[in-house]
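Colleague: I would like to learn how to read a protein model, one feature at a time. Could we go through one together?

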Amino acid sequence: MYQHESYVYLDEAVSNALYPDLKNKNLRNIGLERLGEIHRIDNYGSLNILLKQENDFSLMRIEDGFSTIFFNLKGQLREEVESLVEHQGLYFKEID
């Protein structure tokens, strides 16, 4: 998130219901600890991270505290994500 230009947003329903003061705000600079607190409290919503690499955007969506889904991963960013996933002892599954 900090290695690339990024934008961090809460799911619309979550920002309306639990965090109205964070609605439509880029949360990139509130710190990882605070983002973790928000996500632990809200275990039914999503945190969306748009990652920019050159002229492309990728989306990292963390849902329900269990699933992390990536969309439109390409090139160097894809390699970085795959390496991080493997380093954490997890697996990277591609769905068509």
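Colleague: Let's start with strand β1. Which residues lie on its covered face, and which on its uncovered one?

Modeller: This is a predicted model, so please keep that in mind as we go. The covered face of β1 holds Ser 6, Val 8 and Leu 10, while Glu 5, Tyr 7 and Tyr 9 make up the uncovered one.

Colleague: How do I read the pairing of β1 with another strand?

Modeller: Here is the general idea: strands in a sheet pair through hydrogen bonds of the backbone, and the pairing is either parallel or antiparallel. In this model, six bridges join β1 to β2 in the antiparallel sense. As one example, Tyr 7 has Leu 50 in β2 as its bridge partner.

Colleague: And how many bridges join β2 to β3?

Modeller: Eight, and those two strands run antiparallel as well. Look for Lys 52, which stands opposite Phe 57 in β3.

Colleague: In what order do the strands of the sheet stand?

Modeller: The order is β1-β2-β3-β4, in an open sheet of four strands with antiparallel pairing. β1 and β4 each have a single partner strand because they stand at the edges, so one side of each has no neighbour in the sheet. On average, neighbouring strands are turned by 15° against each other, ignoring direction.

Colleague: Where do the helices come in along the chain?

Modeller: Reading from the N terminus, the elements follow the pattern β-α-α-β-β-β-α. That comes to three helices and four strands.

Colleague: Now the inside. Which residues have the most contacts inside the largest nonpolar core?

Modeller: The general idea is that nonpolar side chains tend to be buried together in soluble globular proteins. Here the largest nonpolar core has 17 residues, and those with the most contacts inside it are Val 8, Leu 10, Tyr 19, Leu 22, Leu 27 and Leu 47. Two or more residues come from each of β1, α2, β2, β3 and α3. You have met Val 8 and Leu 10 already, on the covered face of β1.

Colleague: Could we zoom in on one of them? What is Leu 27 in contact with, leaving aside its neighbours within four places in sequence?

Modeller: Leu 27 touches Val 8, Leu 10, Leu 22 and Leu 35. For the chain as a whole, 30% of the 96 residues count as buried. Among contacts with a separation of 6 or more, 37% are between residues 24 or more positions apart.

Colleague: What about the surface of the chain?

Modeller: The chain exposes about 6700 Å², and carbon and sulfur atoms supply 50% of that.

Colleague: Next, charges. How many salt bridges does the structure hold?

Modeller: In general, side chains of opposite charge can pair when their charged atoms come close. This structure holds four salt bridges. One of them joins Lys 74 and Asp 56, at 3.8 Å from N to O. That pair links distant parts of the chain, since Lys 74 is in the loop between β4 and α3 and Asp 56 is in strand β3, 18 residues apart. Both ends are partly exposed: Lys 74 has a relative accessible area of 41%, and Asp 56 has 36%.

Colleague: Is there an example within a helix to look at?

Modeller: Try Glu 82 and Arg 78, whose side chains meet in a salt bridge at 2.8 Å, N to O. Both lie in helix α3, four residues apart, which is about one turn of the helix. In addition, salt bridges with shared partners join Asp 11, Arg 61 and Glu 63 into one network. Within that network, Glu 63 and Arg 61 meet at 2.7 Å, N to O.

Colleague: Last topic, the backbone angle phi. Where is Glu 54 found, and is its phi positive or negative?

Modeller: Most residues other than glycine have a negative phi. Glu 54 has a positive phi of about 55° although it is not a glycine. Glu 54 lies in the loop between β2 and β3, and it is exposed, with a relative accessible area of 69%.

Colleague: And what is the phi of Asn 72?

Modeller: Asn 72 has a positive phi too, about 60°, and is not a glycine. You will find Asn 72 in the loop between β4 and α3, where it counts as partly exposed at 40% relative accessibility.

Methods: Residues numbered from 1 in each chain as written. Predicted model: local features only at pLDDT ≥ 70, side-chain atom pairs only at ≥ 80, totals over all residues. Heavy atoms only, no water. Buried < 20%, exposed > 50% of the residue type's maximum accessible area, 1.4 Å probe, protein only. Core = buried A, V, L, I, M, F, W, Y, C linked by side-chain atoms within 4.5 Å. Contact = heavy atoms within 4.5 Å. Pairing = 2+ DSSP bridges. Axes fitted to C-alpha atoms, helices over the stretch in contact; angles between N-to-C directions. Areas by Shrake-Rupley, 256 points an atom, 1.4 Å probe, with all protein chains shown as cover.
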